[in-house]
Amino acid sequence: MDRNHSHRHLAAMKQSLFDQGLLDEQFIQLEELQDDANPNFVEEIVTLYYRDSSRLISNIDQALKERNSMDFNKLDTLMHQFKGSSSSIGAKKVKAECNLFREYCMAGNAEGCIRSFQQLKKEYAALKKKLEAYFQFARQSGPSETACRPK
């Protein structure tokens with residue numbers, strides 16, 4: 001695949017993430033912070049997000065298992081943190097599911113929380129898989145024609 005074709009394919013992959021509603025404009029804002037000094041900035045931020053958020057998912061999972069004494073305030077606090085992290089990378093569908101989960105917390109709806117959390121984990125995993133493919137292809141494609149080359 002020639003370099004120009006690779007970059008068009010990469011752009012199409014990214015556009016697909018937006019078209020599917022997986023990402024929002026925050027992802028573009030992250031990309032605007034990327035430069036020659038840190039050409040993998042966005043990938044590093046997303047990698048940190050997935051590493052750190054796995055701890056939150058585990059904590060939420062544990063809190064949901066306490067069905068008899070479910071602490072909705074604790075769950076809401078954990079989900080608020082998760083939503084903030086998801087917002088920072090532009091994870092649109094994940095963030096929407098966080099909002100739904102928090103609504104169930106406010107209503108004291110344990111079953112709603114559980115269902116919403118299952119959906120959140122699916123959206124989270126789907127985005128992770130697609131972003132991993134996107135970043136892998138980006139590394140293989142090399143710097144874009146419009147990017148300045150490191151000296």
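The exercises below, each with a worked solution, concern a predicted model of a protein chain.

**Exercise 1. Overall architecture**

Describe the secondary structure of the protein chain, the box that its C-alpha atoms fill and the share of its residues that are buried.

*Solution.* Begin with the secondary structure: the protein chain has 6 helices and 0 strands, and read along the sequence its pattern is α-α-α-α-α-α. Next take the dimensions along the principal axes, where the C-alpha atoms fill a box of roughly 60 × 25 × 20 Å. Then turn to burial, which applies to 34% of the 151 residues. Finally consider the contacts with a separation of 6 or more, of which 68% are accounted for by residues 24 or more positions apart.

**Exercise 2. The geometry and surroundings of helix H3**

Compare the expected span of helix H3 (residues 41-65) with the distance between its end C-alpha atoms, locate its bend, and state what covers its buried residues.

*Solution.* The span comes first: helix H3 has 25 residues and, at 1.5 Å a residue, should span 36 Å. Because the end C-alpha atoms are 36 Å apart, the expected value and the value in the model agree. The agreement in span is accompanied by a bend of about 25° at Ser-53, and Ser-53 is itself one of the buried residues of H3. The buried set also includes Phe-41, Val-42, Val-46, Tyr-49 and Tyr-50, together with Leu-56, Ile-57, Ile-60, Ala-63 and Leu-64. To read such a list, recall that an α-helix has 3.6 residues a turn, so residues three or four places apart point the same way. As a last step, identify the cover over these buried residues, which includes helix H2 (25-33), H4, helix H5 (92-107) and H6.

**Exercise 3. Salt bridges between distant parts of the chain**

For the pairs Lys-95 with Asp-24, Asp-61 with Lys-121 and Asp-76 with Arg-102, give the N to O distance, the elements that are linked and the burial of each partner.

*Solution.* The principle is that side chains of opposite charge can pair when their charged atoms come close. The count for the structure comes to 5 salt bridges, among them the pairs treated here.

Step one concerns Lys-95 and Asp-24, whose side chains meet at 3.3 Å, N to O. This pair joins helix H5, which holds Lys-95, to the loop between helix H1 (3-19) and H2, which holds Asp-24, across 71 residues of sequence. Lys-95 counts as partly exposed because its relative accessibility is 24%, whereas Asp-24, at 7%, counts as buried.

Step two concerns Asp-61 and Lys-121, which form a salt bridge at 3.9 Å, N to O. Here the link runs from helix H3, with Asp-61, to helix H6, with Lys-121, the two residues being 60 residues apart. Asp-61 is partly exposed with a relative accessible area of 23%, and Lys-121 is likewise partly exposed at 25% relative accessibility.

Step three concerns Asp-76 and Arg-102, which meet at 2.7 Å, N to O. Asp-76 belongs to helix H4 and Arg-102 to helix H5, with their positions 26 residues apart in the chain, and both Asp-76 and Arg-102 are buried.

**Exercise 4. Packing around Lys-83 and Ser-116**

Determine whether Lys-83 and Ser-116 are buried or partly exposed, and list the contacts that each makes beyond four places in sequence.

*Solution.* Lys-83 lies in helix H4 (residues 72-89) and counts as partly exposed because its relative accessibility is 21%, the cut-off for burial being under 20%. Beyond its sequence neighbours, Lys-83 touches Lys-95, Cys-98, Asn-99 and Arg-102. Ser-116, by contrast, is found in helix H6 (residues 110-141) and is buried, since its relative accessibility is 3%. The contacts of Ser-116, with residues up to four places away left aside, are Glu-97, Leu-100, Phe-101 and Tyr-104. Tyr-104 also has Arg-115 lying over its face, at 6.0 Å from the ring centre.

**Exercise 5. An aromatic pair and its cluster**

Classify the ring pair formed by Phe-18 and Phe-27, and name the aromatic cluster to which these residues belong.

*Solution.* The structure holds 9 aromatic pairs. For Phe-18 and Phe-27 the ring centres are 6.4 Å apart and the planes stand at 65°, so the pair is edge-to-face, given that angles over 60 degrees fall in that class. Phe-18 and Phe-27 are both buried, and together with Tyr-134 and Phe-135 they form one aromatic cluster.

Conventions: Residues are numbered from 1 along each chain as its sequence is written. This is a predicted model: local features need pLDDT of at least 70, side-chain atom pairs count only at pLDDT 80 or more; totals for chains, interfaces and linings use all residues. Side-chain values use heavy atoms; hydrogens and water are left out. Helices (H or I, at least four residues) and strands (E, at least two) are DSSP runs, numbered from the N terminus. Buried means under 20% relative accessible area, exposed over 50%, partly exposed in between (1.4 Å probe, protein chains only). Contact means heavy atoms within 4.5 Å. The expected span of a helix is 1.5 Å times one less than its number of residues. The bend at a residue is the angle between axes fitted to the seven residues ending there and the seven starting there. A salt bridge is a side-chain nitrogen of Lys or Arg within 4 Å of a carboxyl oxygen of Asp or Glu. Rings of Phe, Tyr and Trp (its six-membered ring) pair if their centres lie within 6.5 Å; planes under 30 degrees apart count as stacked, over 60 as edge-to-face and the rest as tilted. A charge sits over a ring if NZ of Lys or CZ of Arg is within 6 Å of the ring centre and within 35 degrees of the ring normal.
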